[in-house]
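Biologist: Please take a close look at one part of this model, the strand pairing and what packs around it. Short sentences are fine.

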Amino acid sequence: MNSPTPIFRIFDEEKAREFYLSFLGFKVDWEHRFEEELPLYMQISFGACLLHLSENYGDCCPGAAVRIEVSDIEALHASLTAKQYKYARPGIEETPWNTREVRVGDPFGNRIVFYESM
C-alpha cells in the first residue's frame, strides 16, 4: 500500500485558496469540474503531502481531521505565524505522546495537525 490521500469538504473556493494556498503554502496540482458552474475538485500538495479538496456533496463530510508529519515543526510554525493570517495564529504544543504539534482548522471545520516526533 501507498500513502492515503485525504479528501476535505470545502464550500467556498476563494476561502479554500486563501487558507490552503496563501496561508499553509500548498500549491494546486490540478483542478476538475464536470462543467464550468459545477463543484470544484482539486489536488493540492506541499512536497510529498497530497490533499484533495472537494465542493461535491457526496465526497466527504465537513469536520474531518488529518495528522501530517513534518521534519521541522519550528520552521513551519515560524512560516505560519509570519503570515499574520487573520483567522489562525497557531502555537506549538508538546504532547504526552512525545510529539510537538501545530494545530489549525480550515474555514470549513476540518482540522489539520502538523506534528514532529520528539
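Modeller: E93 stands opposite E101 in β7. This is a predicted model. The pairing of β6 and β7 is antiparallel and runs over two bridges. The two strands form a hairpin, with four residues between them. N98 sits in that turn and has a positive phi of about 65 degrees.

On β8, E101 stands opposite Y115. So E101 faces E93 in one pairing and Y115 in the other, because both β6 and β8 pair with β7. The β7 and β8 pairing is also antiparallel, over seven bridges. R103 has its bridge partner in β8 too, namely V113. β7 and β8 form a hairpin as well, with five residues between the strands. There G109 takes a positive phi near 90 degrees.Now the whole sheet. Four strands make it up, in the order β5-β8-β7-β6. The sheet is open, and its pairing is mixed. β5 and β6 are the edge strands, each pairing on one side only. β7 is largely enclosed by the rest of the structure, because five of its seven residues are buried.

Y115 has another partner besides E101. The charged end of R67 sits over the ring of Y115, 4.4 Å from the ring centre.

Next, the packing. In soluble globular proteins, nonpolar side chains tend to be buried together. Here the largest nonpolar core has 27 residues. Those with the most contacts inside this core are F19, Y20, F23, L24, I112 and F114. Two or more residues come from each of α1, β3 (41–46), β4 (49–54), β5 (65–69), α2, β7 (99–105) and β8 (111–117). α1 gives the most, with four residues.

L24 shows how such contacts reach along the chain. Leaving aside neighbours within four places in sequence, L24 is in contact with F19, F46, L80, K83, V104, I112 and F114.

Aromatic rings add a further layer. The structure holds ten aromatic pairs. One of them joins F23 and Y85, and this pair is stacked because the ring centres are 4.3 Å apart and the planes lie at 15 degrees. F23 lies in helix α1 (residues 13–23), whereas Y85 lies in the loop between α2 (73–82) and β6 (93–94). The pair therefore ties together parts that are 62 residues apart in sequence. Both partners are buried: F23 has a relative accessible area of 2%, and Y85 has 8%.

Y85 also pairs with Y87. Their ring centres are 5.6 Å apart and their planes are at 75 degrees, so this pair is edge-to-face. Ring pairs link F8, F19, Y20, F23, F26, F46, Y85 and Y87 into a cluster. F19, Y20 and F23 are thus named both in this cluster and among the core residues with the most contacts.

Y41 is worth a stop as well. This residue lies in strand β3. Y41 is buried, at a relative accessible area of 16%. Beyond neighbours within four places in sequence, Y41 is in contact with I7, W30, E31, H32, H52, L53, S54, N56 and D59. S71 is another matter. Y41 and S71 are 30 residues apart along the chain, and their C-alpha atoms are separated by 29 Å.

Last, the cysteines. What does a search for disulfides find? Over the whole structure it finds zero. A disulfide is a covalent bond between the sulfur atoms of two cysteines. For C60, the closest cysteine sulfur is in C61, 7.1 Å away, which is too far for a bond. For C61, the closest is in C60, at that 7.1 Å. The cut-off for a disulfide is 2.5 Å. The two residues also differ in exposure. C60 counts as buried, at 15% relative accessibility, whereas C61 is exposed, with a relative accessible area of 59%.

Key: Residues numbered from 1 in each chain as written. Predicted model: local features only at pLDDT ≥ 70, side-chain atom pairs only at ≥ 80, totals over all residues. Heavy atoms only, no water. Buried < 20%, exposed > 50% of the residue type's maximum accessible area, 1.4 Å probe, protein only. Phe/Tyr/Trp six-rings, centres within 6.5 Å; stacked < 30°, edge-to-face > 60°. Lys NZ or Arg CZ within 6 Å of the ring centre and 35° of its normal. Core = buried A, V, L, I, M, F, W, Y, C linked by side-chain atoms within 4.5 Å. Contact = heavy atoms within 4.5 Å.
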